[in-house]
Amino acid sequence: MTSARPAPPTASRGVLVPPDRLQGVDVARALALLGMMAAHIGGIADELDWTDPATWSAVAHGRPSTLFAVLAGVSIGLTSGRANPPGPPVIGRVRARLAVRAVAVVGIGLALMALDTPVYVILPTYGALFLLVVPVLRLRPATLLVLAGVCALASPFAAVAVAPAYAGAGMWEVQLGLVYPVVTFLAYVLVGLAVARLGLGPRRGSPDDAPAADGPRLWREARRTQVALLVSGTAVATIAYGIGNLLAPVPVDAVLAFPGVPWAPAYSSPSEALAQVLFSPRDHSSSVVDVCGTAGVAVAVIALCTLLVDGRGRTVARIAYPLTAVGSMPLTVYAGHLVVIAFLPEYPESGTAWAWFAVGSVLFAMSWRAFLGRGPLERVVARLAGLVPSPR
């Protein structure tokens, strides 16, 4: 029996793209990055009202950071065996490399915090989450989803428990575990890891790696998974937000709430306050509804992006290239926009400012990827992770 020869990378505007890379995941990552920029500098609406188009920009509150965290889990899953994580001793090297990446990401995050911009930096929490999932890399998708559900249920209680420890804390301190609660965001990473284990793409890598007759079948299997994830993510988000708006509608003065912390108005009755803590659909409320709803939205977005982009041919790949370029270097683009903010004479906050940042990010990512390939920070982190020796 002979094995098929691995296919060479495919060209997209002069850029070599590995044949097994899911470009739809890069597109989703770009949407998360651009959405986080909108939340930081876009001058978006405070509250979302679907009956008022002028408030639709408020969708960028909370959901982009959630999508970013779910994609972290997806990336961990894709780089640790996809649907079939390896056993010992290879998994040991995978875990060690992930731990090195975690430390590097935390270091980058702390450096960005030192710039003293009025932006809550997610990277230290992001790196800590990498470490927390090291022990669960070989668990089945169902088990990962159960663990994510436990985290979702514990999320409001954990957030309430740690909030007093941050009394009087400054901008630096609240970025470490309060604005981005670890238990809450661990649920997102576990969901993303489960999504990757379920199989966003063909289970045997790229269909180009398989006999030609198997390619269409492998993509059909992947499409069924993508559609199932799209439907299930949409259903979970719809049900969660429906329950939340029924049991704990967002109070009119919710703009007073601090991100990441459950909150209820002082005039609430005990039952109303408990409902707000557990079921509030408010973004960044850490409620069960918030975790389930935003996770459902993230899964649906990722599934839709992979469904529309991957395996659709070179024309679609070229059309999506501006976004895939941005999504292929998330650390660089995220850090870069904070560095630019730090060096501007005034803090930008408008739709026009966001447009300039978005265009600048796309042009930079396209140019860098076309001429130099992997993003600069991604290259540094990969070099550090590569120091982990291979098992014998």
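Is R82 buried or exposed, and what is its relative accessible area? R82 is buried, at a relative accessible area of 17% (buried means under 20% relative accessible area, exposed over 50%, and partly exposed in between, with a 1.4 Å probe and protein chains only).

## Ground rules

This is a predicted model, where local features need pLDDT of at least 70 and side-chain atom pairs count only at pLDDT 80 or more, while totals for chains, interfaces and linings use all residues. Residues are numbered from 1 along each chain as its sequence is written, and side-chain values use heavy atoms, with hydrogens and water left out.

## Backbone oddities

Back to R82: its phi is near 55 degrees, a positive value in a residue other than glycine. R82 sits in the loop between helix 2 and helix 3 (helices are DSSP runs of H or I with at least four residues, strands are E runs of at least two, and both are numbered from the N terminus). That loop also holds P89, and the peptide bond from P88 to P89 is cis, with omega near 0 degrees.

H284 is another non-glycine with a positive phi, about 60 degrees this time. Look for H284 in the loop between helix 9 (270–279) and helix 10 (288–309); with a relative accessible area of 19%, H284 counts as buried. Why bother flagging such spots? Because most residues other than glycine have a negative phi, and most peptide bonds are trans.

## Salt bridges

The structure holds 3 salt bridges (a side-chain nitrogen of Lys or Arg within 4 Å of a carboxyl oxygen of Asp or Glu). R21, D26 and R29 are linked in a network of them. D26 meets R21 at 2.7 Å, N to O, and its closest approach to R29 is also given as 2.7 Å between N and O atoms. D26 and R29 are 3 residues apart in helix 1, so about one helical turn separates them. As for cover, D26 is buried at 1% relative accessibility and R29 is buried at 9%, whereas R21 is partly exposed at 32%.

Then there's D283 with R63, where the closest N and O atoms are 3.3 Å apart. This pair ties together distant parts of the chain: D283 is in the loop between helix 9 and helix 10, R63 is in helix 2, and their positions lie 220 residues apart. Both D283 and R63 are buried.

## Charged patches

On the surface, D46, E47, D49 and D52 make up a negative patch, and R101, R374, R379 and R383 make up a positive one. Patch residues have over 30% relative accessible area and no salt bridge, with like charges joined within 9 Å (nonpolar side chains, meaning Val, Leu, Ile, Met, Phe, Trp and Tyr, are joined within 5 Å).

From the negative patch, D46 lies in the loop between helix 1 (23–41) and helix 2 (63–78) and is exposed, at 60% relative accessibility. From the positive one, R374 is in the loop between helix 13 (351–372) and helix 14 (376–385), and it is partly exposed at 49%.

## Cysteines

How many disulfides does a search of the whole structure find? It finds 0 (a disulfide is a pair of cysteine sulfur atoms within 2.5 Å). The sulfur of C151 has its closest cysteine sulfur in C292, but at 11 Å that is too far for a bond. C151 is buried, with a relative accessible area of 11%, and C305 is buried too, at 9%.

Terms used:
Accessible areas come from the Shrake-Rupley method with a 1.4 Å probe; for residues, only the protein chains shown count as cover. Lys and Arg count as positive and Asp and Glu as negative; His and the chain ends are not counted. The place of a charge is taken as NZ of Lys, CZ of Arg, CG of Asp or CD of Glu.
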